[in-house]
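This report goes through one protein model, from single residues to the whole chain. Please keep the sequence and the 3D view open while reading.

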Amino acid sequence: MSVETNNPIYRHGYIYSVPELLSQVQKLIKSQEEISMGAFNKQFESSQNEITFLNEGGYERDRNSSQNITLENCKCKRVYTGYMTPERHKIYLFFKKSKEWNPNIPDSLFKNWSFVSCNTERGFQEQKAVEFREHNVKLNASDDFYEELAHHAVDETWDYRHNVSKNNKPLLRNYIRYTLQRLAEEDKILESKDGSKILFNSGLFSPLFEPILIKADKIERNFYKNPEIMEGSRRSLMTIPFLKHSLPLGEDPTPKDYVAELDDVPFASFFKDTGELVFDPNLKIDMSGDDFHNHIFLDKDRRKRFRLPDASITDTGLFDKLTKAKERAQKIAKRNYKLVVPQWSFEYGRVQFLMPMYWEEFKGEPFCALVLDLVTDYKGQYYEAKTILTLDDCYQNARLIAKPDNTWLIPEGIEQDTEES
């Protein structure tokens with residue numbers, strides 16, 4: 001133990017495998033040579049080891065209050081290694097905080113923190129988003145529930161007009177599913193005092209502009225059933241005592257810890273600033289990334305989902321068509337900022353953009369949409385094409401942020417080409 005605690009990296013927590021840590025650093029800096037423990041320690045000690053406390057998703061600020069995450073309320077921390085990627089992104093060690101964290105125990109005794117991974121800030125956030133998706137939130141609800149919910153909400157089309165779906169209100173089902181998942185990521189699903197029920201904000205409004213709240217039975221973590229629509233009134237909130245937030249083990253709630261107002265039930269947040277939702281048509285769009293080419297040219301099953309002008313079109317021909325469609329759409333976007341629509345990506349945990357792709361004339365339905373991810377690195381700021389989506393996928397993702405009012409995304413005009421999952 002004494003040997004390990006003399007090593008500077010062990011001052012921050014338990015590391016299960018130093019060779020694995022060094023291997024992760026080597027991959028991130030894209031070095032052909034292995035990194036020795038001595039070389040790493042020298043770089044690590046010279047970096048001053050700036051420490052930042054993070055929430056469960058890897059962010060240093062609370063999404064609700066915009067306050068910095070502190071040692072007391074953090075879920076993990078990052079420590080700068082002194083290394084950077086070729087793109088000039090800092091490389092950090094990420095440690096998970098123990099549930100039995102005790103401020104009186106030195107971190108070097110391995111009780112408080114355990115090593116999770118070595119990554120960049122953005123890479124770790126993406127990693128956490130993927131991990132969370134592997135524990136999907138499930139709400140077991142009947143067809144009658146979705147019919148009732150659609151009836152209570154402001155009138156909206158929740159069905160595909162030209163598609164036969166095995167479920168009623170397929171768009172509404174997906175909207176509630178992913179809204180609930182986002183709420184879980186943000187720790188915004190409220191629980192009753194006894195832990196038997198949950199309460200969440202659907203993000204929908206009644207015709208009287210009251211928020212529609214939903215309560216349900218909690219069967220186990222991330223699995224709920226028997227949802228009910230609660231009337232948007234203070235009186236309905238008094239029927240079951242729901243807590244605004246979780247309490248430390250053994251601590252009894254006080255009156256101020258209970259939900260008393262409609263505003264005490266938070267809605268899902270997908271952006272911090274409305275500027276994140278506006279596409280900049282003056283930035284370059286890069287279609288040379290591996291992700292994009294793998295999705296379009298190597299994944300033949302994915303490619304079959306799109307209405308191609310010629311089934312026998314070559315990869316080169318398809319790429320040329322997509323490039324020209326992108327250039328046309330970018331020109332129009334300079335005159336109509338609403339053309340390119342924001343969507344939420346659970347895979348990357350951030351806002352992306354959907355650019356409609358038309359083969360020739362700019363009319364009717366686009367054959368697909370190009371998914372664009374805003375990137376800032378050593379090359380500057382630009383959009384990177386990640387994949388293409390069918391229109392039903394586009395509407396589903398865009399609806400989480402807001403009801404699209406763009407003509408190319410209205411659900412009445414969408415024909416689904418694949419079986420709904």
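A disulfide is a pair of cysteine sulfur atoms within 2.5 Å. By this rule, the count in the structure comes to zero disulfides. The structure is a predicted model.

## Cysteines

Cys-74 shows how the rule works. The closest cysteine sulfur to that of Cys-74 belongs to Cys-76 and is 7.1 Å away, so the two are too far apart for a bond. Cys-74 has a relative accessibility of 4% and therefore counts as buried. Cys-118 is buried as well, with a relative accessible area of 5%.

## The protein as a whole

The protein has eleven helices and 14 strands. Of its 421 residues, 48% are buried. The exposed surface is about 22500 Å², and carbon and sulfur atoms supply 48% of that area. Among contacts with a separation of 6 or more, 59% are between residues 24 or more positions apart.

## Two helices

Helix H2 covers residues 18–29, which makes twelve residues. From its first C-alpha to its last, H2 reaches 17 Å, close to the 16 Å expected at 1.5 Å a residue. Its N-terminal end is capped by Ser-17, where a side-chain oxygen lies 3.2 Å from the backbone nitrogen of Glu-20.

The buried residues in H2 are Val-18, Leu-21, Leu-22, Gln-24, Val-25 and Gln-26. What do the buried residues of H2 pack against? They pack against helix H3 (37–46) and three strands: E2 (76–84), E3 (90–97) and E4 (113–119).

Helix H10 (residues 315–333) has 19 residues, which should span 27 Å at 1.5 Å a residue; its end C-alpha atoms are 27 Å apart, so the two values agree. Its buried residues are Leu-318, Leu-322, Thr-323, Ala-325, Lys-326, Ala-329, Gln-330 and Ala-333. An α-helix has 3.6 residues a turn, so residues three or four places apart point the same way. Leu-318, Leu-322, Lys-326 and Ala-329 are among the buried residues of H10 and can be looked at with this in mind.

## Strands E7, E8 and E9

Strand E8 (residues 211–220) has ten residues, seven of which are buried, so E8 is largely enclosed by the rest of the structure. How many bridges join strand E7 to E8? Six bridges join E7 (residues 197–205) to E8, and these strands run antiparallel. One of the pairs sets Lys-197 against its bridge partner Asp-217 in E8. E7 and E8 form a hairpin with five residues between them.

On to the next strand in the chain. E8 also pairs with strand E9 (residues 223–230), in the antiparallel sense and over six bridges. Here Lys-218 stands opposite Tyr-224 in E9. The hairpin formed by E8 and E9 has two residues between the strands.

## Residues with a positive phi

Most residues other than glycine have a negative phi. The table lists four residues with a positive value.

| Residue | Place | Phi |
|---|---|---|
| Lys-30 | loop between H2 and H3 | about 60° |
| Arg-88 | loop between E2 and E3 | near 75° |
| Phe-209 | turn between E7 and E8 | about 65° |
| Asn-222 | turn between E8 and E9 | about 70° |

Lys-30 comes just after H2. Is Lys-30 buried or exposed? Its relative accessible area is 56%, so Lys-30 is exposed. Arg-88 is also exposed, with a relative accessible area of 56%.

## A buried loop residue

Where does Asn-55 lie? Asn-55 lies in the loop between strand E1 (51–54) and E2. The cut-off for a buried residue is under 20% relative accessible area. Asn-55 has 19% relative accessibility and so counts as buried.

Leaving aside neighbours within four places in sequence, Asn-55 is in contact with Arg-61, Ile-69, Lys-75 and Cys-76. The side chain of Asn-55 also reaches the backbone nitrogen of Gly-57, at 3.0 Å. Lys-77 is 22 residues away from Asn-55 along the chain, and the C-alpha atoms of these two residues are separated by 8.3 Å.

Terms used. Residues numbered from 1 in each chain as written. Predicted model: local features only at pLDDT ≥ 70, side-chain atom pairs only at ≥ 80, totals over all residues. Heavy atoms only, no water. Buried < 20%, exposed > 50% of the residue type's maximum accessible area, 1.4 Å probe, protein only. Helix = DSSP H or I, 4+ residues; strand = E, 2+ residues; numbered from the N terminus. Pairing = 2+ DSSP bridges. Expected span 1.5 Å × (residues − 1). Contact = heavy atoms within 4.5 Å. Polar contact = N/O pair within 3.5 Å; in protein donor to acceptor, adjacent residues only side chain to side chain. Areas by Shrake-Rupley, 256 points an atom, 1.4 Å probe, with all protein chains shown as cover.
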